[in-house]
Amino acid sequence: MKKYVLTLLLFLSVNGIFASDYLIKLHISNIQVSSHKLYVLIYNSENTYNKTPFEIHIISSDKEEITNIYSLPEGEYVITVFQDLNDNTKLDTNIIGIPKEPVGISNYSGKGIPGGFNTLKLQISNNNITIPIKLKEIKN
């Protein structure tokens, strides 16, 4: 019996050492309080950026500011948040790609053209990182 308990403890401790998920806090602000959902799109590579998210989370927009906690493996990520004002489950843009709905992107100041994955990426390698994203409406 002792042998099984020691084996189980060793297994649990090795799995704990190699666990690679980190808790991050995503703080979203400047939300238009409404029944329209917020979409959190998490990208984990330059090849999939703006095409296929690593994760998608849909949350309510019932407050002006929301902080949610997510668990992510160590790596580089770009996080995009948009408020779907017409409930069609996608970020609407004009003919040249400028968003028509409130949007926010990690590591983006809101000035000028946002840039690509390598400009906007965040390195996730420890717990309790707070990532602020302020939604903005781009007037064109």
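# Strands, cores and a pocket

Me: In which strand is I24 found?
Reply: This is a predicted model. Strand 1 covers residues 21-29. Position 24 falls in that range, and I24 is found in strand 1.

Me: Is I24 buried or exposed?
Reply: The cut-off for a buried residue is under 20% relative accessible area. I24 has a value of 1%. That is under the cut-off, so I24 is buried.

Me: Which residues does I24 touch, leaving out those up to four places away in sequence?
Reply: One partner is far off along the chain: I24 and L72 are 48 residues apart. Their C-alpha atoms are separated by 7.5 Å. The full list of residues touched is N68, I69, Y70, L72, I79, I124, I129 and I131.

Me: S29 also has its place in strand 1. Is S29 buried or exposed?
Reply: S29 touches E64, E65, I133, K134 and L135, beyond residues up to four places away in sequence. Its relative accessible area is 15%. Buried means under 20%, so S29 counts as buried.

Me: How many residues of the largest nonpolar core come from strand 1?
Reply: The largest nonpolar core has 20 residues. Those with the most contacts inside this core are L26, I28, V40, I79, V81 and I131. Strands 1, 2, 4, 5, 7 and 8 each supply at least two residues of this core. The largest share comes from strand 1, and it is four residues.

Me: Which residues are in contact with V40, leaving aside neighbours within four places in sequence?
Reply: V40 is among the core residues with the most contacts inside the largest nonpolar core. L26, I28, I79 and V81 are also on that short list, and they recur among the partners of V40. The complete set is L26, I28, E55, I56, H57, I59, Y70, I79, T80 and V81.

Me: How many residues are in the second core?
Reply: This core is separate from the largest one. Its members include Y43, V78, F82 and L120. In total, the second core has 10 residues.

Me: In what order do the elements of the chain run?
Reply: The chain has two helices and eight strands. One helix leads at the N terminus, and the other follows a run of six strands. The order is α-β-β-β-β-β-β-α-β-β.

Me: What share of contacts with a separation of 6 or more joins residues 24 or more positions apart?
Reply: Q123 of strand 7 gives an example of a distant partner: Q123 and E76 are 47 residues apart in sequence and 4.6 Å apart in space, C-alpha to C-alpha. Q123 is also in contact with E74, G75, E76 and I129. Over the chain, the share of such contacts between residues 24 or more positions apart is 69%.

Me: Is Q123 buried, partly exposed or exposed?
Reply: Exposed means over 50% and buried means under 20%. Q123 has 44% relative accessibility. That lies in between, so Q123 is partly exposed.

Me: What is the phi of T89?
Reply: Most residues other than glycine have a negative phi. T89 goes against that tendency, with a positive value. N50 is also positive without being a glycine, at about 65°. For T89, phi is near 65°.

Me: Are T89 and N50 buried or exposed?
Reply: T89 lies in the loop between strand 5 and strand 6, while N50 lies in the loop between strand 2 and strand 3. Their relative accessibilities are 53% for T89 and 54% for N50. The cut-off is over 50%, so T89 counts as exposed. By the same cut-off, N50 is also exposed.

Me: Which residues are in contact with T89, leaving aside neighbours within four places in sequence?
Reply: H36 is 10.0 Å from T89, C-alpha to C-alpha. H36 is not on the contact list of T89. That list is Y39, F82 and D84.

Me: Which residues are the closest to the centre of the largest pocket?
Reply: The largest pocket holds about 460 Å³ of space. By class, its lining has 15 nonpolar, six polar and one charged residues. Strand 2 and strand 6 each supply at least two lining residues. Of the 22 lining residues, the closest to the centre are L91, G97, P99, I105 and P114.

Key:
Residues numbered from 1 in each chain as written. Predicted model: local features only at pLDDT ≥ 70, side-chain atom pairs only at ≥ 80, totals over all residues. Heavy atoms only, no water. 1 Å grid on protein atoms, 1.4 Å probe; cavity = no way out; pocket = protein on both sides within 12 Å on 5 of 7 lines; lining within 4 Å. Points joined across faces, edges and corners; volume = space filled by probe spheres on them. Nonpolar A, V, L, I, M, F, W, Y, C, P; charged D, E, K, R; others polar. Contact = heavy atoms within 4.5 Å. Buried < 20%, exposed > 50% of the residue type's maximum accessible area, 1.4 Å probe, protein only. Core = buried A, V, L, I, M, F, W, Y, C linked by side-chain atoms within 4.5 Å.
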